[in-house]
Amino acid sequence: MKNVSEVLTHLLNSPSFRKLHEVRESQYFIQLLPLSLKNGIAFSFTRDKILFIALKHPCFKQEFYHKIALVKQLLKQYQQEKNALLQTTDIKVFVTHNIYQKEVEKNQEKAIPQTYGELSKGEFKNLAQNPEIYALFESIRNVILKAQE
């Protein structure tokens, strides 16, 4: 009887799931990159024998260009060791703003906002001598009392 990993490996190696296999292999390759490069990568994909890497910020693009020789060398070693991404001949990078920002906003929407209940009961002496300041303190008291209802 086959276990789940054997079945998944067989499916990923089938021609109908070739694209999924390429995405998975490109993710494994990205995990080999130095941390300074890996942190800046939003996503990657392969098209026309070129590995496209989308970066989060233009500074990461500059960092990437300084280490492009290292990345290409790692790609060649990865191809030799793992026999994966063999069709990939070049690496191109670009900066994405819209997709990354949308993903960040989506994650922020899912995050639970930290709010605290009103701790004051609105019971304080208003010792202000100035009528404007006295009115401000009274408006604060009214807001606190409405928040408790």
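This report describes a predicted model, taking in turn a pocket, two backbone positions, a nonpolar core and the aromatic rings.

## The largest pocket

The largest pocket holds about 220 Å³ of space. Its lining is made up of 13 residues. Nearest the centre of the pocket lie R18, H21, E22, L85 and Q87. By type, the lining divides into five nonpolar, five polar and three charged residues.

Two helices each supply at least two residues of this lining: helix 1, which covers 4-13, and helix 2, which covers 18-32. Helix 2 gives the largest share, with four residues.

## E22 in the pocket lining

E22 is one of the residues nearest the pocket centre, and it belongs to helix 2. Is E22 buried or exposed? Its relative accessibility is 16%, so E22 counts as buried; the limit for this class is under 20%.

Apart from neighbours within four places in sequence, E22 is in contact with T46 and L85. L85 also appears among the residues nearest the centre of the pocket.

## Two residues with positive phi

L85 has a positive phi of about 55°, although it is not a glycine. This residue sits in the loop between helix 5 (68-82) and strand 3 (90-95). L85 counts as buried because its relative accessibility is 8%.

D48 is not a glycine either, and its phi is positive at about 55°. The loop that holds D48 runs between strand 1 (41-47) and strand 2 (50-55). D48 has a relative accessibility of 67% and therefore counts as exposed. The two loop residues thus fall into separate classes: D48 is exposed, whereas L85 is buried.

## The largest nonpolar core

How many residues does the largest nonpolar core have? The core has 17 residues, and those with the most contacts inside it are F29, L33, I53, F64, V71 and I91. Helix 2, strand 2, helix 5 and strand 3 are the elements that give two or more residues to this core. Helix 5 provides the largest share, which is four residues.

F29 is one of the residues with the most contacts inside the core. Leaving aside neighbours within four places in sequence, F29 is in contact with L51, V71, L74, L75, Y78, L85 and I91. Two of these partners, V71 and I91, are also listed among the core residues with the most contacts inside it. L85 is a contact of F29 and a contact of E22 as well.

## Aromatic pairs

Across the whole structure, five aromatic pairs are found. One of them joins F43 and F94 in an edge-to-face arrangement, at 6.4 Å centre to centre and with 75° between the planes. This pair links distant parts of the chain, since F43 is in strand 1 and F94 is in strand 3, 51 residues apart. A pair of aromatic rings is described by the distance of the centres and the angle of the planes.

Which class of accessibility applies to F43? With a relative accessibility of 28%, F43 counts as partly exposed. F94, at 26%, also counts as partly exposed. Buried would require under 20%, so neither F43 at 28% nor F94 at 26% is in that class. Ring pairs join F43 and F94 with F45 and F52 in a cluster.

Methods. Residues numbered from 1 in each chain as written. Predicted model: local features only at pLDDT ≥ 70, side-chain atom pairs only at ≥ 80, totals over all residues. Heavy atoms only, no water. 1 Å grid on protein atoms, 1.4 Å probe; cavity = no way out; pocket = protein on both sides within 12 Å on 5 of 7 lines; lining within 4 Å. Points joined across faces, edges and corners; volume = space filled by probe spheres on them. Nonpolar A, V, L, I, M, F, W, Y, C, P; charged D, E, K, R; others polar. Buried < 20%, exposed > 50% of the residue type's maximum accessible area, 1.4 Å probe, protein only. Contact = heavy atoms within 4.5 Å. Core = buried A, V, L, I, M, F, W, Y, C linked by side-chain atoms within 4.5 Å. Phe/Tyr/Trp six-rings, centres within 6.5 Å; stacked < 30°, edge-to-face > 60°.
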